[in-house]
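Me: Please take a close look at one part of this model, the surface where protein meets DNA. Keep it brisk.

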Protein chains: 2
Amino acid sequence: MAPDRLDATFAALADPTRRAILARLASGQAGVMELAKPFAMSQPAVSKHLKVLEHAGLISRGRDAQRRPCRLEPLPLADASGWLDHYREVWERNFRRLDLLLEEMKAQDTKTKARRTKRPPTKR
Amino acid sequence: MAPDRLDATFAALADPTRRAILARLASGQAGVMELAKPFAMSQPAVSKHLKVLEHAGLISRGRDAQRRPCRLEPLPLADASGWLDHYREVWERNFRRLDLLLEEMKAQDTKTKARRTKRPPTKR
DNA sequence: CACGTGTGTAACCTCAAAGTTGTATAACCA
DNA sequence: TGGTTATACAACTTTGAGGTTACACACGTG
């Protein structure tokens with residue numbers, strides 16, 4: 001799973017227009033005009049979004065006369081999902097191990113020690 | 001789950017430096033200097049990345065003397081993961097229903113019909 | 001108090017993303 | 001053939017992301 005691939009996938013997903021396009025494509029393939037209709041934006045703009053999605057491997061395109069229908073390509077979604085799940089799992093394992101608490105205790109200890117060695121010239 | 005929130009989350013995850021920071025934080029909280037060490041980049045640059053992550057709600061920050069330790073905040077990860085899983089599921093359901101195949105058959109039929117009505121003046 | 005350390009902020013540069021309009025290409029339709 | 005439809009491409013503008021350096025501020029230490 002190349003990092004560049006994840007870069008492209010997450011960057012593609014960061015735009016609400018592109019997520020909406022993917023959502024639409026989840027219910028079947030569609031042409032550019034059909035995809036562009038719901039958006040207050042020109043057709044070239046949508047074509048650019050499609051190019052981004054295609055470059056990220058999230059969609060692929062076919063031919064039907066002068067139309068270039070788009071279809072969803074779920075593998076990059078699976079990769080991204082895998083990355084997220086991996087780190088969520090790691091985090092939860094660490095949370096269960098109470099590493100966080102231990103680190104906070106250590107920090108607290110350091111602070112206390114520091115305060116202790118600093119006390120002498122203060123009020124009293 | 002507001003769309004802006006997903007925007008911020010995915011945008012934050014689109015940068016390899018930030019993903020690496022999150023990976024590091026998965027094994028416990030850390031200060032800015034500690035996080036900056038592995039990267040060929042200045043401390044302010046790392047601070048900017050941390051600001052992005054914090055704004056996306058992916059990390060939160062505490063106080064330990066002059067240090068501002070960062071800790072992973074997994075909820076946005078769960079949201080993003082949920083979005084991905086949802087659309088993967090929808091896509092797979094559609095795939096099982098063979099919608100794709102049906103649409104391709106329909107397209108094929110249209111093309112055939114068109115070719116049929118166009119034939120007359122051609123060879124034969 | 002003076003100093004070093006850890007961080008945040010400001011001003012700046014560069015580049016690419018996201019949109020626009022206008023035009024070209026390609027396939028169907030009359 | 002000429003016209004319409006679906007799409008791509010090119011050139012341009014604006015905005016923001018990601019990096020830099022220089023500097024300010026807060027806090028613990030000698």
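Reply: Sugar and phosphate account for 65% of the atoms of DNA strand D within 4 Å of the protein, and bases make up the rest. The model is predicted. Around DNA strand D there are 22 residues. The closest are A:Met33, A:Arg61, B:Ser42, B:Lys48 and B:His49.

By residue class, the surface near DNA strand D holds eight nonpolar, seven polar and seven charged residues.

Now the individual polar contacts. Two of them involve phosphate oxygens of DNA strand D. A:Met33 uses its backbone: an N or O atom there lies 2.7 Å from a phosphate oxygen of DNA strand D. B:His49 uses its side chain, where an N or O atom is 2.2 Å from a phosphate oxygen of DNA strand D. A base is also contacted: an N or O atom in the side chain of A:Gln43 is 3.2 Å from a base nitrogen of DNA strand D.

Which elements give two or more residues to this surface? In chain A they are α3 (32-36) and α4 (43-55). In chain B the element is α4 (43-55).

Next, how the two protein chains relate. A turn of 180° and a shift of 0.0 Å along the axis lay chain B on chain A, with an RMSD of 0.1 Å. The two copies are therefore related as by a two-fold rotation axis. Both copies use the same surface: 100% of the contact residues of chain B recur in chain A.

Technical notes. Residues numbered from 1 in each chain as written. Chains lettered and ligands numbered in written order. Predicted model: local features only at pLDDT ≥ 70, side-chain atom pairs only at ≥ 80, totals over all residues. Heavy atoms only, no water. Near = heavy atom within 4 Å. Polar contact = N/O pair within 3.5 Å; in protein donor to acceptor, adjacent residues only side chain to side chain. Helix = DSSP H or I, 4+ residues; strand = E, 2+ residues; numbered from the N terminus. Nonpolar A, V, L, I, M, F, W, Y, C, P; charged D, E, K, R; others polar. Least-squares fit on C-alpha atoms with pLDDT ≥ 70 in both. Contact = heavy atoms within 4.5 Å.
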